[in-house]
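Biologist: Could you take me through one part of this model closely, and then set that part in the context of the rest of the chain? I would like a connected account that I can follow with the structure open beside me.

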Amino acid sequence: MKIVDASSAGIAEGARLLREGGLVAFPTETVYGLGGDATNGKAVARIFAAKGRPSFNPLIVHVAELDWIADLAQSDERFTALAKTFWPGPLTMILRRCASCKASELVSAGLDTIALRMPDHDVARSLLRAVDRPLAAPSANASGTISPTHAQHVADSLGDKVDLIIDGGPCRVGLESTVLDLSERHAAVLRPGAVTAEEIAAVIGTLAAAADNPAAPRSPGQLASHYAPSLPVRLNATAALPDEALLGFGYSPGATLNLSARGDVIEAAAKLFAMLRALDAPAKHKGIAVAPVPMAGIGLAINDRLRRAAAPKG
Ligand code: TXA
Ligand code: MG
């Protein structure tokens, strides 16, 4: 494994490795992705192996241009309107695969649908254009652990399982993209993110009730326990118990770290995963207490990730 700067030489090296079937971690505005050529079944299989990801959990396919979609999926008016509004950006849309879909069936993990996203990050899009193929890219972390928002997190989590890491600095948004299912007549948000359900509904009308039934997840990756640190996480805490670290928000006296002292949910989203990683230190404390974060805007997505971090590990 090697870390390179996001220079044109670094991007060219990444593109060459990807065209040869290698795995390259790259920055996006949400989190770092573990990229592989989506049209190469062997490369996609290597992604599942590197992450230890269950084979039933499908991957997001990343594109640089809207016209790449024609070779991948059947789009519709809702998709076109949403892409026009939110792409490039932190919105993943699930469509039905088209008959001539160029992506390996492995990315869909046996489903007849495909998740698509155009990242809003210069390095990611330069890399995609240089490879000139869609890239399958889950978050670049071992399955079940916290997503990486810094290049070093990728190195810590995946080590030599990735051929190259392109370091583009910290990720601006800090939480994984919103996942919206458009494969059914009723659109539904499967994973909350920076693009909110309200913003989506303003473009395509009312969404189906959140498919948040853990017994029958439409998104195989949305298991109750996910994004989990190794220490137990206690939510809506106002103070730390002895032996606990306190992750604050807003005015939080005694906080070990604070997601946003000024109470800004966007700042908190960008810092959440790095701070959870920093506090996940069993040698220093026995648990992580987290102050309440308001359920507004991206605060919904923060609370979704915190609930999963706190869920009993299955
Ligand atoms: O922000 C992001 O989305 C990042 C960056 C790298 O783009 N990627 C990411 O990928 O978070 P991953 O694999 O960690 O999460 C993808 C989520 C999973 O919950 C997966 O189950 C769901 O999307 N998903 C992918 N394809 C799907 C499909 N065809 N149907 C339903 N859910 C799907
Ligand atoms: Mg992930």
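Modeller: What follows begins with a pair of helices in contact and then moves on to other places along the chain. Please keep in mind throughout that this is a predicted model.

The part to look at closely is the meeting of helix α3, residues 77–86, with helix α6, residues 197–204, whose axes come within 9 Å of each other and cross at roughly 125°. Because of that angle, α3 counts as oblique to α6, and the crossing in which α3 passes α6 is right-handed. On the α3 side the contact is made by Arg78, Ala81, Leu82, Thr85 and Phe86, which meet Glu199, Ile200, Val203 and Ile204 on the α6 side. Sorted by character, the residues of this contact between α3 and α6 comprise 6 nonpolar, 1 polar and 2 charged.

Just beyond this helix lies a feature of the backbone: tryptophan 87 and proline 88 are joined by a cis peptide bond, with omega at about -10°. Proline 88 sits in the loop that runs between α3 and β6, the strand of residues 91–97. As background, most peptide bonds are trans, and most residues other than glycine have a negative phi. Against that second tendency, alanine 109 has a positive phi, near 50°, and its place is in the loop between β6 and β7, residues 113–117. Aspartate 132 also has a positive phi, near 60°, and is found in the loop between α4, residues 122–131, and β8, residues 135–136. With a relative accessible area of 53%, which is over the 50% cut-off, aspartate 132 is therefore exposed.

Helix α5, residues 151–158, offers another view of how a helix is set into its surroundings, and glutamine 152 is found in it. Glutamine 152 has a relative accessibility of 44%, so this residue counts as partly exposed. Its C-alpha atom is separated by 20 Å from that of leucine 259, a residue 107 places away along the chain. The buried residues of α5, by contrast with glutamine 152, are Ala151, His153, Val154, Ala155 and Leu158. Among the elements that cover these buried residues of α5 are the strands β1 (3–5), β2 (24–26), β3 (33–37) and β9 (164–167), together with the helices α2 (41–51) and α7 (265–279). After α5 comes glycine 159, with a positive phi near 50°.

To place these elements in the whole, the domain assignment of the protein chain gives domain 1 as 3–204 and domain 2 as 233–310. The C-alpha centres of domain 1 and domain 2 are 27 Å apart, and the contact draws on 19 residues from domain 1 and 14 residues from domain 2.

A last residue to examine is arginine 305, which is found in helix α8, residues 299–310. Its relative accessibility is 1%, and because buried means under 20%, arginine 305 counts as buried despite being a charged residue by type. Leaving aside residues up to four places away in sequence, arginine 305 touches Leu175, Glu176, Ser177, Arg191, Pro192, Tyr227, Leu272 and Phe273.

How values were computed:
Residues numbered from 1 in each chain as written. Chains lettered and ligands numbered in written order. Predicted model: local features only at pLDDT ≥ 70, side-chain atom pairs only at ≥ 80, totals over all residues. Heavy atoms only, no water. Axes fitted to C-alpha atoms, helices over the stretch in contact; angles between N-to-C directions. Helix = DSSP H or I, 4+ residues; strand = E, 2+ residues; numbered from the N terminus. Parallel < 35°, antiparallel > 145°, perpendicular 65-115°, else oblique. Left-handed = near helix turned anticlockwise from the far one by under 90°. Contact = heavy atoms within 4.5 Å. Buried < 20%, exposed > 50% of the residue type's maximum accessible area, 1.4 Å probe, protein only. Domains from an automatic or database assignment.
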